[in-house]
Amino acid sequence: MTAVIETNDLGKQYGRKWALRDCTLSIPEGKVIGLVGPNGAGKTTLLSLAVGLLTPTRGSITVLAGRPGDGPAQLEKVGFVAQDTPAYAGLSVGKHLLMGAYLNANWNQELARDRIDQLGLDLRQKAGSLSGGQRAQLALTMAIAKQPELLLLDEPLASLDPLARREFLQGLMEIVASHGISVMLSSHLIADLERVCDYLVLLVASHIQLAGEITELLATHHRLSGPRRDPRSLPSSHEVIEESHTDKQSTFLVRTDRRLNPDRRPDLYEAVVLGRSGRTREAIAVLERTVAAEPENLEAWALLAGAAKTEDPALAARARARQRELAPPVPDG
Ligand code: ATP
């Protein structure tokens, strides 16, 4: 499978400070990728390198098999909305759409107009007088109407109200499902993105802490709690990533070599597609059938816990409890 973003030992340095370092990634096409990390972790730096606004200090980056920012064909393939969602203050919303149509070969004017209508924006209003959230929506509309193969969004939810966030993510999922594009969105909070992403890149202090398919990460990472114990008493297959102790209790975040079957079965695939299209109830119904027939199917329980999270919290809690039962046990020590 082609990589949508491929980096090798990528690094960016400002003066003596490394904003991004030792970054090696190979992200498959067609994913919704969550780029998560605290302030200053390097998220904007990585996105800017991917669109060619910055050049690497060391290493390399390829985006959709091309060099970032390298000519019109490459620019056509990638849509980008920067964190401050820039717009031309003196131009009206309608003029922005005209400009989009003029500058982009694959521009979809109908999609742009429909979205502006849905948002209730006035085509005659100058961008300079839009609220921060409205300006963000205009910038997102421009990026989507360009119909790129890869959409890069730097903190797209930051200035949106809760309802607008939900609607935006839902709209984005519809576009992903119907056009099969790849999307990378950054956020400080994993909770913002967990419902829509299937691939996670976690950046901490300029370094990649974790990167991979979320289902695989969930299957190989476990939180274990129990009576206080020495981490050395855990099985050797458990790599301790984080530990915390009270007088009586220990909690470990461990990585194990237990992996999920990467060839996802059709029923689970269907559930994921339904969930992504906002048809959560139907996704839950598919998954409930699977876990009823196969109570040992950890992947189905994990997907059910995610799908039912908002729709049916009691079911989600039951699914999470079952997931914990099926996760590798900690032996007595
Ligand atoms: P935030 O969530 O706050 O937007 P971020 O994860 O996007 O943060 P970056 O903006 O990529 O982080 O910054 C990574 C590091 O690089 C930070 O320590 C920042 O101070 C530094 N940095 C970014 N841009 C510059 C610049 N132009 N000159 C000097 N240092 C910079």
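Four bridges join β6 to strand β7 (residues 182-187), and the two run parallel. Strands here, like helices, are DSSP runs numbered from the N terminus, with at least two residues (E) for a strand and at least four (H or I) for a helix. Two strands pair if DSSP finds at least two bridges between them. One contact point to look for is leucine 150, which stands opposite serine 182 in β7.

A word on what you're looking at: this is a predicted model, where local features need pLDDT of at least 70 and side-chain atom pairs count only at pLDDT 80 or more, while totals for chains, interfaces and linings use all residues. Residues are numbered from 1 along each chain as its sequence is written.

Back to β6. Strand β5 (residues 78-81) is also joined to β6, by four bridges and in parallel, with phenylalanine 80 having leucine 152 as its bridge partner. The side chains of β6 (residues 150-153) split two ways: Leu150 and Leu152 point one way, Leu151 and Leu153 the other, and all are buried. Buried means 20 or more other C-beta atoms within 10 Å of the residue's own, exposed means 12 or fewer, and partly exposed is in between, with C-beta atoms placed from the backbone.

Now for β8. Strand β3 (residues 32-36) pairs with β8 (residues 199-204) in the parallel sense over four bridges, and glycine 34 sits opposite leucine 200. On to β9 (residues 207-213): six bridges join β8 to this strand, and here the run is antiparallel. Leucine 202 stands opposite leucine 210 in that pair. β8 and β9 form a hairpin with two residues between them, and alanine 205 in the turn has a positive phi of about 45 degrees.

Then there's the open sheet of three strands, in the order β2-β1-β4 with antiparallel pairing. β2 and β4 (58-63) are at the edges with a single partner strand each, so one side of each is left without a neighbour in the sheet. Neighbouring strands of this sheet are turned by 20 degrees against each other on average, direction ignored; the axes are lines fitted to C-alpha atoms, and angles run from 0 to 180 degrees between N-to-C directions. Eight bridges join β1 (residues 3-14) to β2, and tyrosine 14 stands opposite lysine 17.

Tyr14 turns up again at the ligand. Of the 13 residues around the ligand, Tyr14, Ala19, Lys43, Thr44 and Thr45 come nearest, where near means a C-beta atom, placed from the backbone, within 6 Å. β2 (17-28) and α1 (43-51) each supply at least two residues of that shell, and α1 gives the most, with three. By class, the shell has three nonpolar, eight polar and two charged residues. In that count Ala, Val, Leu, Ile, Met, Phe, Trp, Tyr, Cys and Pro are nonpolar, Asp, Glu, Lys and Arg are charged, and the others, Gly among them, are polar.

α1 itself is mostly covered, with seven of its nine residues buried. Among them are Lys43 and Thr45. Just after α1, glycine 52 takes a positive phi of about 85 degrees.

Two residues other than glycine also have positive phi, and both are buried:

| Residue | Phi | Loop | C-beta atoms within 10 Å |
|---|---|---|---|
| Threonine 85 | about 35 degrees | between β5 and α3 (93-103) | 25 |
| Serine 206 | near 75 degrees | between β8 and β9 | 21 |

Arginine 124 is another story. This residue is in the loop between α4 (109-119) and α5 (132-145), and is exposed, with 9 other C-beta atoms within 10 Å. Not counting residues up to four places away in sequence, arginine 124 touches Ser92 and Gly94; contact means C-beta atoms, placed from the backbone, within 7 Å. The C-alpha atoms of arginine 124 and leucine 298 are separated by 53 Å.

Zooming out, the chain has 12 helices and 12 strands. Its radius of gyration is 22 Å, close to the 20 Å that the globule rule gives for 333 residues, so the chain is as compact as a globular protein of that length. That radius is taken over C-alpha atoms, and the rule is 2.2 Å times the number of residues to the power 0.38. Buried residues make up 34% of the 333 residues.

Terms used:
Contact = placed C-beta atoms within 7 Å.
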